[in-house]
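Trainee: I would like to go through this model one element at a time. Please end each reply on the value or name I ask for.

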Amino acid sequence: MQKRRQVMCPSPPRWRVGKRSPTLAARRGILVRERLALESARDIDVVLFDKTGTLTLGQQGVTDIFSVSGAAAESPKTEAEKEKATQELLRLAASLEANSEHIIGRAIVSKAREQKVDLLPVQDFNAVTGQGVVGKINGQAVIVGNLALGKAKVPAALEDQVVRAGKEGKTIVFVVRDGTVLGALGLADVIREESRAAVNALQKMQVRVAMLTGDSKDVATWVARELNIKEFFAEVKPAQKAAMVKKLQGDGSRVAMVGDGVNDAPALAQADIGIAIGAGTDVAIESAGIILIKNDPRDIVKIMRLSRATYRKMQQNLVWATGYNIIAIPLAAGVLASLGILLPPALGALFMSASTVIVALNAQVLRTMRL
């Protein structure tokens with residue numbers, strides 16, 4: 001019987017991993033995939049945000065609660081009465097929607113939980129596709145949905161508010177009890193609280209802020225107004241996003257594109273710097289040079305500050321090293337010995353060591369920098 005020869009494969013090397021401190025960017029939730037992207041961030045003129053999932057959460061939320069006569073025993077007059085009527089309206093809507101799996105229903109229930117509103121038991125619940133939900137609360141028929149389902153009309157006291165919310169692109173859900181319209185709820189894609197701070201900080205840094213979205217002009221106008229963004233592009237198709245980046249680059253501006261979706265990938269690649277939200281798609285992340293791990297738009301400000309600070313340190317270190325080479329080395333070599341100026345070689349060597357130490361310490365100062 002032939003003896004099989006055992007082939008010994010060398011085991012992979014074991015790398016000794018020390019407890020290295022994470023980089024300044026990583027510690028602040030910024031993953032730099034391309035070093036050049038971080039270096040170029042200091043020269044950015046325009047930051048272009050994709051709206052959905054970047055400036056907004058990409059999910060529905062209750063933005064407005066409009067109550068009318070009927071929510072309380074009489075028309076609310078004082079602020080306390082108005083607040084009571086609003087809470088009652090939200091209570092009825094959330095109690096009914098708690099039995100629904102629709103995205104609008106979940107948003108209403110989430111709002112009620114946020115405001116710590118107690119829900120009521122519901123009987124005879126039924127969901128009507130495309131129209132809303134119906135049921136009984138305390139023996140009274142309650143409808144949450146469109147007016148066609150409740151066979152009711154918009155009350156005059158509610159008309160202006162509903163029209164204005166509709167122009168802002170919000171979804172309007174009415175609450176009807178026993179045939180009487182109690183009020184309505186306005187829902188829209190929720191704006192991130194961090195977005196306001198990010199836009200304000202960028203504008204203070206003299207950086208133009210722009211937004212693009214596939215939503216209607218009314219929706220884009222509302223979001224832009226809420227965030228104080230002067231320049232935006234609405235009803236942009238996915239294939240047109242890269243063209244919008246080119247348009248901004250047309251006057252020589254350097255553009256940073258921020259997005260999270262598959263359809264953002266061409267625009268991220270076209271931009272001078274592509275920045276992807278960490279919760280975005282793999283395609284968007286692969287197309288970006290920098291990734292925001294925390295999904296926080298304020299990190300874009302940190303990227304630019306870090307880039308500018310790094311560049312300043314490079315300049316400072318270059319000036320110090322160049323000064324040493326131009327002055328200390330020639331003096332130690334005796335260039336001005338005829339004038340009686342001579343730097344002892346030992347002192348020149350000391351300066352050389354000091355130069356290395358100073359450059360290293362100056363670079364380490366970045367670790368303590370607050371972004």
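**Sheets, helices and two asparagines**

Mentor: This is a predicted model. N138 lies in the loop that links strand 5 and strand 6.

Trainee: What is the phi of N138, and is N138 buried or exposed?

Mentor: Most residues other than glycine have a negative phi. N138 is not a glycine, yet its phi is positive, at about 55 degrees. Exposed means over 50% relative accessible area. N138 is therefore exposed, with a relative accessible area of 61%.

Trainee: Where is N295 found, and is N295 buried or exposed?

Mentor: N295 is also not a glycine and has a positive phi, of about 60 degrees. N295 is in the loop between strand 13 (290-292) and helix 13 (299-333). The cut-off for buried is under 20% relative accessible area. N295 is therefore buried, at 18%.

Trainee: Which strands stand at the edges of the open sheet of six strands?

Mentor: The order of this sheet is 3-8-7-6-5-4, with antiparallel pairing. The edge strands each have a single partner strand, so one side of each has no neighbour in the sheet; they are strand 3 (56-67) and strand 4 (123-128).

Trainee: By how many degrees are neighbouring strands of that six-stranded sheet turned against each other on average?

Mentor: The sheet in question has the order 3-8-7-6-5-4. With direction ignored, the average turn between its neighbouring strands is 15 degrees.

Trainee: Which residue is the bridge partner of G61 in strand 8?

Mentor: Strand 3 pairs with strand 8 (residues 180-191) in the antiparallel sense, over eight bridges. In strand 8, G61 has as its bridge partner A188.

Trainee: At what angle does helix 9 run to strand 8?

Mentor: Helix 9 (residues 217-227) packs on the sheet and touches strand 3 and strand 8. The direction of helix 9 makes with that of strand 8 an angle of about 70 degrees.

Trainee: And at what angle does helix 4 run to strand 3?

Mentor: Helix 4 (residues 79-97) lies across several strands, including strand 5 (132-137), strand 6 (140-145) and strand 7 (171-177). Strand 3 is also among those crossed, and helix 4 runs to strand 3 at about 130 degrees.

Trainee: What are the edge strands of the open sheet of seven strands?

Mentor: That sheet has the order 1-13-12-11-2-9-10 and mixed pairing. Two strands pair on one side only: strand 1 (30-32) and strand 10 (231-233).

Trainee: Which residue of strand 11 stands opposite V46?

Mentor: Strand 2 (residues 46-50) and strand 11 (residues 255-259) run parallel and are joined by four bridges. Opposite V46, strand 11 places V255.

Trainee: Within what arc do the buried residues of helix 10 fall?

Mentor: The buried residues of helix 10 (residues 241-249) are K241, A242, M244, V245, L248 and Q249. They line one face of the helix because, seen down its axis, they fall within an arc of 155 degrees.

Trainee: Which exposed residues does the face of helix 10 turned away from its buried side carry?

Mentor: The buried residues of helix 10 are covered by elements including strand 2, strand 9 (208-212) and helix 11 (265-270). The face turned away from that buried side carries the exposed residues K246 and K247.

Trainee: Over the face of which residue does R42 lie?

Mentor: The structure holds zero aromatic pairs. There is a charge over a ring, however: R42 lies 3.6 Å from the ring centre of Y311.

Terms used:
Residues numbered from 1 in each chain as written. Predicted model: local features only at pLDDT ≥ 70, side-chain atom pairs only at ≥ 80, totals over all residues. Heavy atoms only, no water. Phe/Tyr/Trp six-rings, centres within 6.5 Å; stacked < 30°, edge-to-face > 60°. Lys NZ or Arg CZ within 6 Å of the ring centre and 35° of its normal. Pairing = 2+ DSSP bridges. Buried < 20%, exposed > 50% of the residue type's maximum accessible area, 1.4 Å probe, protein only. Arc of directions from axis to C-beta. Contact = heavy atoms within 4.5 Å. Axes fitted to C-alpha atoms, helices over the stretch in contact; angles between N-to-C directions.
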